[in-house]
Amino acid sequence: MKLSFIGSRMLLFIILLMGCMVNLHAYQQTDRPNVVLIISDDQGYGDLGITGNPHVQTPVLDRLGKESIRLNQFYVSPVCAPTRSSLMTGRYSLRTGIRDTYNGGAIMATEEVTIAEMLKEVGYNTGIFGKWHLGDNYPFRPGDQGFDESLIHLSGGMGQPGDFTTFFKGDSSYFDPVLWHNGQQEAYSGYCSDIFTNEAIGFLEENRADPFFLYLSFNAPHTPLQVPAEYYERYKDIDPASGFEADGRPFPEMNERNKEDARKVYAMVSNIDDNVGRLLKKLDELEIADNTLVIFMTDNGPQQPRYVAGMRGRKGNVFRGGVRVPFFLRLPDRLQGNKDIEANLAHIDVLPTLAEICDAPLPKNTKIDGQSFHALLRGETAVEFEDRPLFFYWTRRYPELYNNIALHKGDFKLVGNTDHDASLEAFGLFNVKEDPYEQENIVRSNRAIAEDLKSEMDEVIADLTQSANLNVAQRMIIGSEHENPVYLNRNDADGERGIWTQEEVFGMWKVKTLEGRYNIRFKFIKPLETNGKMVLETNSLIVQEQYEEVPTDEITMKNVYLPEMEVDLIPHYVTEGKSIFPLWVELEKITGP
């Protein structure tokens, strides 16, 4: 049968159109979904409208929550770095080498396999924008742990001593910051949360044709509480403690400073809400929203007292106010949204769940503490979550028996805020199903349950504290081609407890130096006032220079030879009986002739 000229053209047009539709479908629908993981910093369970807060304005996140699968009993660690290490690895933080938020305890072992590394193995492009807080030097940076693109601040927060490019900006550290893009310092204009979102949207646009993993990790609303004026204007006249008079749940006492802090936090959260809205809109514009798994969560409870849905405790505390957070998950073309899951789930479960959804193999030869909750997302029963224990702790440096430590199993939770040899009656036992606000200690009337939970708690503590990564120093590598120069910051400095902005304090950095000659620059918090000598000590080598004239706030030692060695690097300026520790140290290996 012959076709007319017009008929032939029409047939060709139909064939081309069908081919375009097939290609468009392939462009929109891959075998593996994209993954967008959004986490905010110190935003508590109660800092959303959807969780009952009448003051904070979060229309985007509230709508996302209503469209999503809501994990209503989702738990994290009491503080930042432990949560982030568990989220990235599916393992309790102590297994990863993370034991603190600073004091050298926020450096995750490079051997750990992150979500980024796991997904990268099956073809994902990966990017992080915001807070990392798991090590700021090679080989611990995001780019060393699976991220193709990274835009981060250093240490635990902008304006902190460890984030030295913003530290001296004081009350404006969240504005026009110098950040670290793929390991290099770059200056940016604007407010930090806006900057991180802008760059995250750019990452979406560049990687929309392939599966991607985007980790948007806001540093807000962590202190310092800085926010653009137009957002603060929304809240400047509210009373954050009002509106709860008829609420039978416990409510924390709030003084005037607490109320002002809450106003600023709510303003910062509203800014996050707007930025999440921009990102979700971009997914729609790129026509990839249906095949993109979006998660929103926070990293711990609120730092300051304010509404937390009646729960006891806040950041740093193992009570539910410190460790229960919102968790929304949306994947429109695969999972039915707008439903609630009440199983006890945690940050350690995210990696194995993503592995199953994204058809990625779990890390080999690694104990994964979490379990996939994909079956629960599909509406199936998963009995393995009914009676599995969740462990919580936080104290500076290492776990303290039995201080701020808890085991939650089923309906019961055992909490220790006591001494190592305390009797069982000194612990708190709570039925969190019947007493979700942890007000009634039932340990005396349920001794057998408490004994079983304490026995299991002891087993978990013994297991975790013997972890190899916890008991081996995580050493930054000096002189590598992967990072030169190296900046050693206060967040990753070990030494005396509480090393932060103190000057007369014993501190060190645990490093591995590669043989070579270095120019070494020491930066101090403020100008030095008297003459003295700069001393650089290691386990087997001491370098020192005498200064007859008083230096400024910087000293440079040039052409210093360092052999290859694993050492504690101990710099200090000795003057008039004082030993002054620098804020940061720059070591640049001399590579030329």
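**Exercise 1. Helix α11**

Task: In this predicted model, determine how many residues of α11 are buried, and name them.

Solution: Begin with the count, which shows α11 to be mostly covered, 7 of its 8 residues being buried. Next, name these residues, which are Val350, Leu351, Pro352, Thr353, Leu354, Ala355 and Ile357. Then turn to the backbone that follows, where Asp359, just after α11, takes a positive phi of about 55°. Finally, place the helix in its wider setting: α11 contributes 5 residues to the largest nonpolar core, and this is the largest share of that core.

**Exercise 2. The largest nonpolar core and its neighbour**

Task: State which members of the largest nonpolar core touch the most other members, and list the contacts of Phe213 beyond its neighbours within four places in sequence.

Solution: The largest nonpolar core holds 57 residues, and within it Met88 and Phe213 touch the most other members. Following Phe213 outwards, and setting aside neighbours within four places in sequence, one finds it in contact with Val35, Leu37, Met88, Ile115, Ala116, Leu119, Tyr124, Asn125, Thr126, Gly127, Phe147 and Phe203. Another core, of 53 residues, lies apart from the largest one, and its members include Val36, Val227, Tyr231 and Val269. To close the step, Phe213 also belongs to one aromatic cluster together with Trp132, Phe147 and Tyr215.

**Exercise 3. Gly127**

Task: Locate Gly127 in the secondary structure, decide whether it is buried or exposed, and describe its surroundings.

Solution: Gly127 is found in strand β4, which spans residues 125-130. Its relative accessibility is 0%, and because buried means under 20%, Gly127 counts as buried. Not counting residues up to four places away in sequence, Gly127 touches Phe147, Glu149, Phe203, Phe213, Leu214 and Tyr215. As a last step, consider a separation: Gly127 and Phe218 are 91 residues apart along the chain, and their C-alpha atoms are separated by 14 Å.

**Exercise 4. Met268**

Task: Work out which element holds Met268, whether Met268 is buried or exposed, and which residues it touches.

Solution: The element is helix α9, residues 256-285. Met268 has a relative accessible area of 0% and is therefore buried. Leaving out residues up to four places away in sequence, Met268 touches Tyr174, Tyr191, Ala220, Pro221, His222, Pro224, Leu225, Gln226 and Val227. For a sense of scale, Met268 and Gly243, which are 25 residues apart in sequence, lie 21 Å apart in space, C-alpha to C-alpha.

**Exercise 5. Aromatic pairs**

Task: Give the number of aromatic pairs, and characterise the pair formed by Trp180 and Tyr487 and the pair formed by Phe327 and Phe373.

Solution: The count comes to 28 aromatic pairs. In one of them, Trp180 and Tyr487 are 5.9 Å apart, centre to centre, with 70° between the planes, and the pair is edge-to-face. Trp180 lies in strand β6 (residues 178-181) and Tyr487 in strand β19 (residues 486-488), so the pair ties together parts that are 307 residues apart in sequence. Trp180 is buried, with a relative accessible area of 10%, and Tyr487 is buried as well, with a relative accessible area of 15%.

The pair of Phe327 and Phe373 is likewise edge-to-face, with 6.2 Å centre to centre and 90° between the planes. This pair links distant parts of the chain, 46 residues apart: Phe327 lies in strand β11 (residues 327-330), and Phe373 in the loop between α11 (350-357) and α12 (374-377). Phe327 counts as buried at 1% relative accessibility, and Phe373 counts as buried at 1%.

**Exercise 6. Cavities, and charges over rings**

Task: Describe the largest cavity and its lining, then identify the rings over which Arg99 and Lys413 lie.

Solution: The structure holds 3 cavities of 30 Å³ or more, and about 80 Å³ of space lies in the largest cavity. The largest cavity is lined by Ser77, Pro82, Tyr92, Ser93, Leu94, Phe391, Phe392, Tyr393 and Leu464. Assigning the lining to elements, those that give two or more residues are α4 (93-96) and β14 (389-393), and the largest share, 3 residues, comes from β14. The lining residue Phe392 has Lys413 over its face, at 5.7 Å from the ring centre. The charged end of Arg99, in turn, sits over the ring of Tyr398, 5.0 Å from its centre.

Notes
Residues are numbered from 1 along each chain as its sequence is written. This is a predicted model: local features need pLDDT of at least 70, side-chain atom pairs count only at pLDDT 80 or more; totals for chains, interfaces and linings use all residues. Side-chain values use heavy atoms; hydrogens and water are left out. Rings of Phe, Tyr and Trp (its six-membered ring) pair if their centres lie within 6.5 Å; planes under 30 degrees apart count as stacked, over 60 as edge-to-face and the rest as tilted. Helices (H or I, at least four residues) and strands (E, at least two) are DSSP runs, numbered from the N terminus. Buried means under 20% relative accessible area, exposed over 50%, partly exposed in between (1.4 Å probe, protein chains only). A charge sits over a ring if NZ of Lys or CZ of Arg is within 6 Å of the ring centre and within 35 degrees of the ring normal. A nonpolar core is a set of buried Ala, Val, Leu, Ile, Met, Phe, Trp, Tyr and Cys residues joined through side-chain atoms within 4.5 Å. Contact means heavy atoms within 4.5 Å. On a 1 Å grid over the protein atoms alone, a cavity is a set of points where a 1.4 Å probe fits but cannot get out, and a pocket is an open set with protein on both sides within 12 Å along at least five of seven lines; lining residues have an atom within 4 Å of a point. Grid points are joined across faces, edges and corners, and a volume is the space filled by probe spheres set on the points.
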